[in-house]
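Work through these exercises with the structure open beside you. Try each task before you read its solution.

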Amino acid sequence: MDQAASATMLHRGEVPAWAVNLGVGIVIAALIPVSISFDKYIDNYVLDVLIRIGVAIILAVSLNLINGITGQFSLGHAGFMALGAYTGGVLLKHYQHQIHGALLPPVFIGVTILGGLVAAIAGLIVGIPTLRLRGDYLAIATLGFGEIITVVLNQIESIGKFEVGGSAGLHNIPHVTNFFWTYAWVVICVVVIARLVYSAKGKPFFAVREDEIAAAAMGIDTTYYKVAAFVIGAFFAGVAGVLSATLSGNLDPGDFNFVKSIVIVVMVVLGGSGSITGSVLAAILLTYLPEQLRAFEDWRLVIYALLLIVMMLVRPEGLLGNRELWWKRKTAMV
Amino acid sequence: MLLSVNGLTVCYGVITALREVSIEIDRGEIVALIGANGAGKTTLLRTISGLLKPTGGEISWCPPAAQVKSDAKTLEYFGATKDLVGMRADQIVRLGISHVPEGRQVFANLTVRDNLLLGAFTLRKRSDIEEGLERCFGLFPVLAERKNQRAGTLSGGEQQMLAIGRSLMGRPKLLLLDEPSLGLAPLIVRQIFQIIREINLHGTTILLVEQNAHMALTVANRGYVMQTGRIILSDKAANLLENAEVKKAYLGG
């Protein structure tokens, strides 16, 4: 659709693109001093939790594009995350002695994007055949994909001169991630996905979720939009993977099994399928909550699970349903 | 001939839903397709619009490419005939065939306006989209009143109007209407059929699938009767209304 057509669909009060880009630039720039002061004054545990929250936000929002907004039930998000994590981890570990000082930031940006791209390409390859499937069948196919990734990573000791680690895992990856890198990506991920789906070009994503037959009858190439959601979602999952690999410094194939995928699905459902701000809230809550529950020791996960059950009973549509926080009383798609 | 379907066979797995069905639709006509439940009417529409793939037969689409008036006669020049079999649903919409699916199928969580804008998905020019909205609000004033309301909150009749309006946004040459009277009150049904006639007068050809045979044959020029996947009868609509067998089977004596 061209500019003119998009302009028609701009709603009153919609912010022009330049203002959004400027705003994003300012926010990201503002993260630099915040990050520096956090590194200095906040203790490592809190910082670690904050960064894990950021990674969780990227994972939940990107999966929401696939599961909540486009309505394609994917259980393979951890697989895409694993591809990004290993791409970043393997490369950064191998070249850690060559890159330091001023070279590190640009290399890290490059590696993060590369991790995202590897996941996105996998998303494309997996998406084209599997997105013909619907509902439960798609869930099973994507679950299979995630398991294949874990099994393969378990078997590969090294690729050429690059160490992958196999079942022993990959350790001593340089700790490059900090508050700034993580939250810069959080801002980019949230803004890109929100701008995408709430623009004129984004309506078909909701149309595919609402009714695939009616969407096709409107001239929407439904496969294109499903694959697009899958590829973009996979990209950000890959980015989140790189960030988490360089946070802990250790990678284990088992970290990316289907349980991880389900944790992300839970965030999307709990926040409200289709609500981007809901996913952000749920990611914060579900990362912070288990930390707070550490006082209960052995009972921690039981209480966590009980809280999930209670929340689903009380609010089955999720925290925000399909509304967004910043739109007063309007549904998300308006 | 705007659209001609030739020897079309469609199967769901091992079950054959359409057997060698052939129909023709001329430009400017309203053609009614009547028959009992499970006769294959919806299957035929879905195959024409590319939502189902046939196992055999062809569907040719031949829209007029140009019209020239000379000696008080209108000469039409036809473009190349296209076979629709094997094309994707979204490509077929772009050729000018728009399908109003059975049971309305509006995007319930989107507003009326957004539903209509999605119908204009294939249009590029801003002026076309605005003209479409205006035309649609002209045909269905109630939609203009409710344009910011979620489509799911409309009444059944209003949803049907929205579904039709949404399909008209893309300026189709042929409109495929699947059971527009389904589950609607008699008064609303009459209103919908009045609008169908009006749309046709504005130059859109219509293929109408209906269980309400009487209503359908009243507005249609010609009709086809389907039974268990076959066309068993085709005639002028007025003749079908008088036909003893049709009367007995579909018009309640």
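A residue counts as buried when its relative accessible area is under 20%. Keep in mind that this is a predicted model.

**Exercise 1. State what share of chain B is buried, and judge how compact the chain is.**

Step 1. Apply the cut-off. Of the 253 residues of chain B, 53% are buried.

Step 2. Take stock of the elements. Chain B holds 10 helices and 12 strands.

Step 3. Compare the radius of gyration with the globule rule. The radius is 18 Å, close to the 18 Å that the rule gives for 253 residues, so chain B is as compact as a globular protein of that length.

Step 4. Check the extent. The C-alpha trace of chain B spans about 45 × 45 × 45 Å along its principal axes.

**Exercise 2. Trace the open sheet of four strands in chain B and find its edges.**

Step 1. Recall the basics. Strands of a sheet pair through backbone hydrogen bonds, either parallel or antiparallel.

Step 2. Write the order. It is β2-β1-β4-β7 in chain B, and the pairing is antiparallel.

Step 3. Pick the edges. β2 (15–25) and β7 (82–83) of chain B each pair on one side only.

Step 4. Look at one pair. β1 (residues 3–12) of chain B joins β2(B) over seven bridges, in the antiparallel sense. V5(B) has I23(B) in β2(B) as its bridge partner.

Step 5. Add the helix. α1 (residues 41–48) of chain B lies across β1, β2 and β4 (56–61) of chain B, at about 115° to β1(B).

**Exercise 3. Do the same for the open sheet of six strands in chain B.**

Step 1. Write the order. It reads β8-β9-β10-β3-β11-β12 in chain B, with mixed pairing.

Step 2. Find the edges. β8 (97–100) and β12 (230–236) of chain B have a single partner strand each, so one side of each lacks a neighbour in the sheet. From one strand to the next, the twist averages 15°.

Step 3. Find a parallel pair. β3 (residues 30–35) and β11 (residues 222–227) of chain B run parallel, joined by five bridges. G35(B) has M226(B) in β11(B) as its bridge partner.

Step 4. Place a helix. α7 (residues 186–201) of chain B packs on this sheet and touches β3, β9 (174–178) and β10 (205–210) of chain B. Its direction makes about 155° with that of β10(B).

**Exercise 4. Describe where chain B meets chain A.**

Step 1. Count the residues. 31 residues of chain B contact 29 residues of chain A.

Step 2. Give the area. About 2600 Å² is buried between the two chains, and carbon and sulfur atoms give 65% of that.

Step 3. Name the main contributors. In chain B, F107(B), F121(B) and R124(B) lose the most area to chain A, together 22% of what that side buries.

Methods: Residues are numbered from 1 along each chain as its sequence is written. Chains are lettered from A and ligands numbered from 1 in the order in which they are written. This is a predicted model: local features need pLDDT of at least 70, side-chain atom pairs count only at pLDDT 80 or more; totals for chains, interfaces and linings use all residues. Side-chain values use heavy atoms; hydrogens and water are left out. Two strands pair if DSSP finds at least two bridges between them. Helices (H or I, at least four residues) and strands (E, at least two) are DSSP runs, numbered from the N terminus. Contact means heavy atoms within 4.5 Å. Axes are lines fitted to C-alpha atoms, for helices over the stretch in contact, and angles run from 0 to 180 degrees between N-to-C directions. The radius of gyration is taken over C-alpha atoms; the globule rule is 2.2 Å times the number of residues to the power 0.38. Buried means under 20% relative accessible area, exposed over 50%, partly exposed in between (1.4 Å probe, protein chains only). Buried area is the accessible area (1.4 Å probe) that two parts lose on being put together, summed over both.
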